[in-house]
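Q: Please take a close look at a single part of this structure and explain how it relates to the rest. I am new to this structure, so a connected account would be welcome.

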Amino acid sequence: MKDLKTYRAQIDEIDKKLIDLFEQRLDIVTNIDKVKKNNDIPIVNELREAEVISQAIFNLNNKTYSDEITEYMKAIIAISRKLQLKSKDTGN
């Protein structure tokens, strides 16, 4: 059981870092949203989204996780899009 506690502690530490990075990412998404609004650029850019996913796969050390990283990035993109749409709906 000691190994399990050690692994869980490692995951907890990684999760803290992921949350910090995700918050930074959302702050940047908010800035991107402002630029898009000011320049009448659509929220959805499927080409850019495909590039983001391709880059994530490229950056993987262990390519056997390609499906998982694709799913992960699609979720992040969906959350980012939702944040931009929410901003559009509230007029912020």
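A: T70 is found in helix α3, and this residue is a suitable place to begin. The model is predicted, so every value below is computed from predicted coordinates. The mean pLDDT of the protein is 94, with 97% of the residues reaching 70 or more. Helix α3, which covers residues 66–90, has the lowest mean pLDDT among the elements, at 92. The highest value, 98, belongs to helix α2, residues 46–59.

Is T70 buried or exposed? T70 has a relative accessible area of 18%; because the limit for a buried residue is under 20%, T70 counts as buried. Beyond its neighbours within four places in sequence, T70 is in contact with I53 and I57. The residue just before it in number, I69, can be described in a similar way. With neighbours within four places again set aside, I69 is in contact with A56, I57 and L60. I57 therefore appears in both sets of contacts, being listed for T70 and for I69, where contact requires heavy atoms within 4.5 Å.

I69 also belongs to the largest nonpolar core. Which residues make up this core? The eight members are V52, I53, A56, L60, I69, M73, I76 and I77. Helices α2 and α3 each supply at least two of these residues, and α3 gives the most, with four. I53, one of the contacts of T70, is a member of the core. Two of the contacts of I69, namely A56 and L60, are members as well. In soluble globular proteins, nonpolar side chains tend to be buried together.

Helix α3 also holds residues that are not buried. A75 lies in helix α3 and, at 39% relative accessibility, counts as partly exposed. The C-alpha atoms of A75 and R48 are 15 Å apart, with their positions 27 residues apart along the chain. A78 has its place in helix α3 too. A78 is partly exposed, at 42% relative accessibility. From A78 to M1 the separation is 77 residues in sequence and 37 Å in space, taken from C-alpha to C-alpha. Y72 takes part, together with I14 and L18, in a nonpolar surface patch of about 270 Å². I14 comes from helix α1, residues 2–38, and is partly exposed with a relative accessibility of 47%.

How is helix α3 tied to helix α2 by charged side chains? The side chains of E49 and R81 meet in a salt bridge, with N and O 2.6 Å apart. This pair links distant parts of the chain, since E49 is in helix α2, R81 is in helix α3, and 32 residues separate them. E49 counts as buried, at 17% relative accessibility, whereas R81 is partly exposed, with a relative accessible area of 27%.

The count of salt bridges comes to three. Another of them joins R48 and E51, at 3.8 Å from N to O. These two residues are three residues apart in helix α2, and so about one helical turn separates them. Each is partly exposed: R48 has a relative accessible area of 48%, and E51 one of 42%. A further salt bridge is formed by D33 and K37, whose closest N and O atoms are 3.4 Å apart. Both D33 and K37 lie in helix α1, four residues apart, or about one turn of the helix. D33 is buried, with a relative accessible area of 5%, while K37 is partly exposed at 33%.

One residue between the helices completes the account. D40 is placed in the loop between α1 and α2. It is exposed, with a relative accessible area of 73%. Although D40 is not a glycine, it has a positive phi of about 50°. Most residues other than glycine have a negative phi.

To return to the starting point, T70 is a buried residue of helix α3. The contacts of T70 with I53 and I57 stand beside the core to which α3 gives four residues. The salt bridge between E49 and R81 provides a further link between α2 and α3.

Note on methods
Residues are numbered from 1 along each chain as its sequence is written. This is a predicted model: local features need pLDDT of at least 70, side-chain atom pairs count only at pLDDT 80 or more; totals for chains, interfaces and linings use all residues. Side-chain values use heavy atoms; hydrogens and water are left out. pLDDT is the predictor's confidence in each residue, from 0 to 100. A nonpolar core is a set of buried Ala, Val, Leu, Ile, Met, Phe, Trp, Tyr and Cys residues joined through side-chain atoms within 4.5 Å. Buried means under 20% relative accessible area, exposed over 50%, partly exposed in between (1.4 Å probe, protein chains only). Patches are made of residues with over 30% relative accessible area and no salt bridge: like charges are joined within 9 Å, nonpolar side chains (Val, Leu, Ile, Met, Phe, Trp, Tyr) within 5 Å. Accessible areas come from the Shrake-Rupley method with a 1.4 Å probe; for residues, only the protein chains shown count as cover. A salt bridge is a side-chain nitrogen of Lys or Arg within 4 Å of a carboxyl oxygen of Asp or Glu.
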